[in-house]
Amino acid sequence: MKSEKIRIFAAIMDISQYTNEAVELLKKLIATPSVSREETAAADILADFIENYGLPVKRIGNNILVCEELDAEKPTLLLNAHIDTVKPVSTWTRDPFTPVVEGDRLYGLGANDCGGGLVSLLQVYRILRGGTSQREQDGDTSLRVPYNIVYLASCEEEVSGAGGFSLALPELPKIDVAIVGEPTGMHPAIAEKGLMVIDGVAYGKSGHAAREEGVNAIYEALDDLVWLRDYRFKKSSPLLGPTKMTVTVLNSGTQHNVVPDECRFVIDVRTNEYYQNEYLFSFLQKHMKKCQLKARSFRLSSSHIPIGHPLVMKSLQMGLVPFGSPTLSDQALMPFLSLKMGPGDSARSHSADEFICISEIEQAIKTYVELLSL
């Protein structure tokens with residue numbers, strides 16, 4: 001395996017140049033606020049960088065697609081990461097929009113989630129399709145790639161917005177498998193929990209609390225809320241664990257002496273691969289005694305890729321460790337097989353003083369190239 005790595009890495013341009021270019025691009029993106037649904041300026045910068053590489057860019061809203069001529073004899077692999085960020089939390093001790101390098105760390109909002117994956121995958125696209133590498137100029141074709149490669153930088157990922165991956169999906173060619181560059185320490189997440197948010201309501205009848213009039217909507221909801229708290233789904237996943245539901249919001253009443261006629265609540269449901277959102281919603285509604293439920297969406301389903309898939313098997317040969325991820329990504333919107341794998345640490349995401357290590361970007365480029373090459 002060591003000699004194979006040497007052969008692969010000898011076939012590509014000095015990896016440090018790709019890393020340096022990735023870091024410079026990431027700095028520009030950090031300096032350009034790109035909170036979900038406000039990604040236009042960052043998408044402009046990314047599109048300009050890609051065009052300067054001599055690659056064709058197709059703009060789909062603020063999604064950036066790079067797709068060149070495809071070989072009908074090869075399966076097609078999508079490299080995907082997102083442009084947008086969450087809003088900075090109040091506990092940042094530095095300017096979240098000023099990229100700062102301290103030692104091996106690059107600080108800035110979105111550096112880890114998921115700027116590192118975004119710029120690494122772009123460089124991997126360049127390497128795998130040839131780009132401007134020395135091996136291409138010398139006619140060296142020792143780096144063989146068994147896939148057509150497509151690159152998509154998507155927007156609105158953090159809010160699962162309609163202008164994000166869902167908007168770009170119809171414009172993609174037929175995709176056989178995808179790699180999503182979310183931070184996983186470059187280990188493959190081969191399963192990911194889905195999400196369903198449900199609004200619940202129980203109705204009563206208002207009245208004066210002193211005279212014990214009316215029907216208290218809070219009491220009407222109580223039995224159902226206790227059932228939601230105590231019920232455990234039977235099918236637990238080896239990778240993702242059990243499907244879980246949590247009541248996270250509860251609102252009722254207007255003042256102390258009025259019996260509330262309405263009690264509203266929100267259920268956060270995190271599904272494993274054994275349960276479809278539509279089935280779970282019907283199951284929950286059937287068990288409600290007084291409450292009415294309404295799902296906000298069924299589209300964020302759990303995803304997984306078989307352990308026997310060639311990409312997973314190759315990752316095992318490379319010593320990488322497959323796992324199940326509890327966090328949501330654009331995988332939930334993909335109607336094809338996918339795995340999540342990118343530089344950085346998920347624990348840094350959405351946190352103050354977010355950073356990515358430059359060495360993580362460099363290692364990511366190397367690991368992706370080895371994974372996707374023969």
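## Exercises on helix packing and a pocket

**Exercise 1.** In this predicted model, describe how helix α4 (residues 111-129) packs against helix α10 (residues 358-372).

*Solution.* Start with the geometry: the two helices pack at an angle of about 45°, and their axes are 9 Å apart. Next, classify the angle: it falls outside the parallel, antiparallel and perpendicular ranges, so α4 and α10 are oblique to each other. Then add the handedness: α4 passes α10 in a right-handed crossing. Now look at who touches whom: α4 contributes residues including V119, V124 and L128, which meet α10 residues including I361, Y368 and V369. Finally, sort the contact residues by class: eleven are nonpolar, three are polar and none is charged.

**Exercise 2.** Now treat α4 with helix α2 (residues 15-30) in the same way.

*Solution.* First, the axes of α2 and α4 come within 9 Å and cross at roughly 140°. This pair is therefore oblique too, and the crossing is right-handed. Among the residues in contact, α2 offers Y18, E21 and L25, while α4 offers L118, L122 and R126. By class, this contact has twelve nonpolar, three polar and two charged residues. Notice that G116, V119, Q123 and I127 of α4 are listed in the contacts with both α10 and α2.

**Exercise 3.** Which residues lie closest to the centre of the largest pocket, and what classes make up its lining?

*Solution.* Begin with the space itself, about 520 Å³. Of the 26 lining residues, E157, E158, T327, L328 and H350 are closest to the centre. To finish, divide the lining by class: nine nonpolar, nine polar and eight charged residues.

Note on methods
Residues are numbered from 1 along each chain as its sequence is written. This is a predicted model: local features need pLDDT of at least 70, side-chain atom pairs count only at pLDDT 80 or more; totals for chains, interfaces and linings use all residues. Side-chain values use heavy atoms; hydrogens and water are left out. Axes are lines fitted to C-alpha atoms, for helices over the stretch in contact, and angles run from 0 to 180 degrees between N-to-C directions. Helices (H or I, at least four residues) and strands (E, at least two) are DSSP runs, numbered from the N terminus. A crossing is left-handed if the near helix is turned anticlockwise from the far one by less than a right angle, and right-handed if clockwise. Contact means heavy atoms within 4.5 Å. Ala, Val, Leu, Ile, Met, Phe, Trp, Tyr, Cys and Pro count as nonpolar, Asp, Glu, Lys and Arg as charged, and the others, Gly among them, as polar. On a 1 Å grid over the protein atoms alone, a cavity is a set of points where a 1.4 Å probe fits but cannot get out, and a pocket is an open set with protein on both sides within 12 Å along at least five of seven lines; lining residues have an atom within 4 Å of a point. Grid points are joined across faces, edges and corners, and a volume is the space filled by probe spheres set on the points. Angles under 35 degrees count as roughly parallel, over 145 as roughly antiparallel, 65 to 115 as roughly perpendicular and the rest as oblique.
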